[in-house]
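Here are a few friendly notes to read alongside the model. They go point by point, so feel free to keep the view open and follow along.

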Amino acid sequence: MAVGAKTVAKGDGNSSRSNGGKLQQGPKQSQQTFEFCGPYAGPLVIVVCLPLICYALALGCHEGGCLTLRPRLYVPPLPADLRLFTWEAMAAYIGYILVQVTLHLLLEGQWQEGTELAPGKQLTYKLTSFRNLAVTMAACAALWVWQPAALVWVHDQFLPLLTAAIMFTFAFSAWLYAASFIGNKRLAAYGSSGYWLYDFWMGRELNPRWGQLDLKEFCELYPGLSGWVVLNLSMAAYAAQRDGRVGAAMVLVNAFQLLYVADSAWFEPAILTTMDITQDGFGFMLVFGDLCWVPFIYSLQARYLAYHAEELSWLAIVAIVALKAVGYLIFRGSNSQKDRFRRDPTHPANAGLKTIDTKRGRRLLIDGWWGVSRHINYFGDWLMAVAWVLPCGFGSVIPYFHAIYFAILLLHRDRRDAHACHEKYGKDWDRYCSIVKWRIVPLIY
């Protein structure tokens, strides 16, 4: 969903090189359109509004009540003991990230080469996400049994932890932007426009690293995702302390979302071929999304259920589990097929799949899951998101924010990806779209 405001020249590849902060363009030039209503108004509004949305959702549902739209509008009052910042929460948030870094460096892991970013240029990644998650979950299980008050403390500090995340992501993003001007850095094509606010938002450097620690890949899969699960468990611990039990709705939400995180961690190599890793710079957009938005917004359902337990019938439980299973089947099947084809089109499992050739020398998959729609994986992803919110019932709009926002995000990503692919493949992409007609939802969109 690129919105043209101004244009700048960009190279033909995914990235350019920076020498002392000065952008060096490749030999071929085209015109780059700014995304997100850039380069000024859009990034400014988004950077300011994202933290406000996080606070609004957190304050819109708490022990004193939740925002409702029907039968009449109800806005809950602010909590009587409202605290937005504590030094303990700041220390805990930063400490948690450092623990995840330490685990990543110390645990044995698989070494994997990523996608070729330029001719002869591939980065190597150490992959320990599933091991990190396993250690984190073991620690949480121990706390649940022997020290549940520690998990309840995480619930109690939700707002101060959110503030810590917001402060950290702003500081970290500013450091990443400044550091991208030092030395010979590989820059992201869409984040090196020369407009500082736009580049701060999009991310100027493509793959910032500390030694072998790839900061972008680490933040995508480690502290934010596991932190989301920890927050969910803290809500369940609070409910158990208050009610003496954990209801079926809370169990479903925790189990569904733990499965999603575990799946991401287990299939960590697949992320190395995604747009986030290969094309997007590492700026505020990804930093805030990874380290703040995911853990604190994606845990809205568990937080809602901590205060408003829902009783589900067996029929409702079966229906919700079935929806989750269908979504996961589509999501995992399509993503695995895509990743396998990207890595090795000659793999025996790809032998019977139909493709079309392109002038760039790459083949586009038009069969299997990817003959159904161009982003069938998005459809499965969204079905799972709906399964996450249904256990919350219909008492408030707050837990449904995720499914609504996620639909908008996926529609935007589809348009963004289509724009990039059209630039990359030209008429071959038009031919592909004439064969695979549906964007996301077969027969509908």
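1. Let's begin with α3 and α4, whose axes come within 5 Å and cross at roughly 110°. Angles from 65 to 115 degrees count as roughly perpendicular, so α3 is roughly perpendicular to α4. Please keep in mind throughout that this is a predicted model.

2. Which residues bring these two helices together? From α3 come Cys140, Leu143, Trp144, Val145 and Trp146, and they meet Pro148, Ala150 and Leu151 of α4. By class, this contact of α3 with α4 holds eight nonpolar residues, with no polar and no charged ones.

3. Next, look at α3 from the side of α2. The axes of α2 and α3 come within 9 Å, with a crossing of roughly 125°, and that makes the two helices oblique to each other. The crossing of α2 and α3 is right-handed.

4. In α2, the residues to find are Tyr96, Gln100, Leu103 and His104, which meet Asn132, Val135 and Thr136 in α3. Here the classes are three nonpolar, four polar and no charged.

5. Now for a pocket: the second largest one has a volume of about 470 Å³. Its lining counts 25 residues, and those nearest the centre are Ala92, Tyr96, Val154, Gly227 and Val230. Tyr96 deserves a second look, as it is also one of the α2 residues that meet α3.

6. Which elements give two or more residues to the lining of this pocket? They are α2 (87–106), α3 (129–146), α4 (148–156), α8 (223–243) and α11. The largest share, seven residues, comes from α2. The lining of the second largest pocket divides into 21 nonpolar residues, four polar and no charged.

7. Helix α11 (residues 284–297) leads us on to helix α5 (residues 158–179): the two pack at an angle of about 170°, and their axes are 9 Å apart. An angle over 145 degrees counts as roughly antiparallel, so that is how α5 and α11 stand to each other. Their crossing is right-handed.

8. To trace the contact between them, start in α5 with Phe158, Leu161, Leu162, Ala165, Ile166, Phe168, Thr169, Phe170, Phe172, Ser173 and Leu176; across from these, α11 contributes Phe284, Val287, Phe288, Leu291, Cys292 and Phe296. The contact of α5 with α11 has 15 nonpolar and two polar residues, and no charged ones.

Notes: Residues are numbered from 1 along each chain as its sequence is written. This is a predicted model: local features need pLDDT of at least 70, side-chain atom pairs count only at pLDDT 80 or more; totals for chains, interfaces and linings use all residues. Side-chain values use heavy atoms; hydrogens and water are left out. Axes are lines fitted to C-alpha atoms, for helices over the stretch in contact, and angles run from 0 to 180 degrees between N-to-C directions. Helices (H or I, at least four residues) and strands (E, at least two) are DSSP runs, numbered from the N terminus. Angles under 35 degrees count as roughly parallel, over 145 as roughly antiparallel, 65 to 115 as roughly perpendicular and the rest as oblique. A crossing is left-handed if the near helix is turned anticlockwise from the far one by less than a right angle, and right-handed if clockwise. Contact means heavy atoms within 4.5 Å. Ala, Val, Leu, Ile, Met, Phe, Trp, Tyr, Cys and Pro count as nonpolar, Asp, Glu, Lys and Arg as charged, and the others, Gly among them, as polar. On a 1 Å grid over the protein atoms alone, a cavity is a set of points where a 1.4 Å probe fits but cannot get out, and a pocket is an open set with protein on both sides within 12 Å along at least five of seven lines; lining residues have an atom within 4 Å of a point. Grid points are joined across faces, edges and corners, and a volume is the space filled by probe spheres set on the points.
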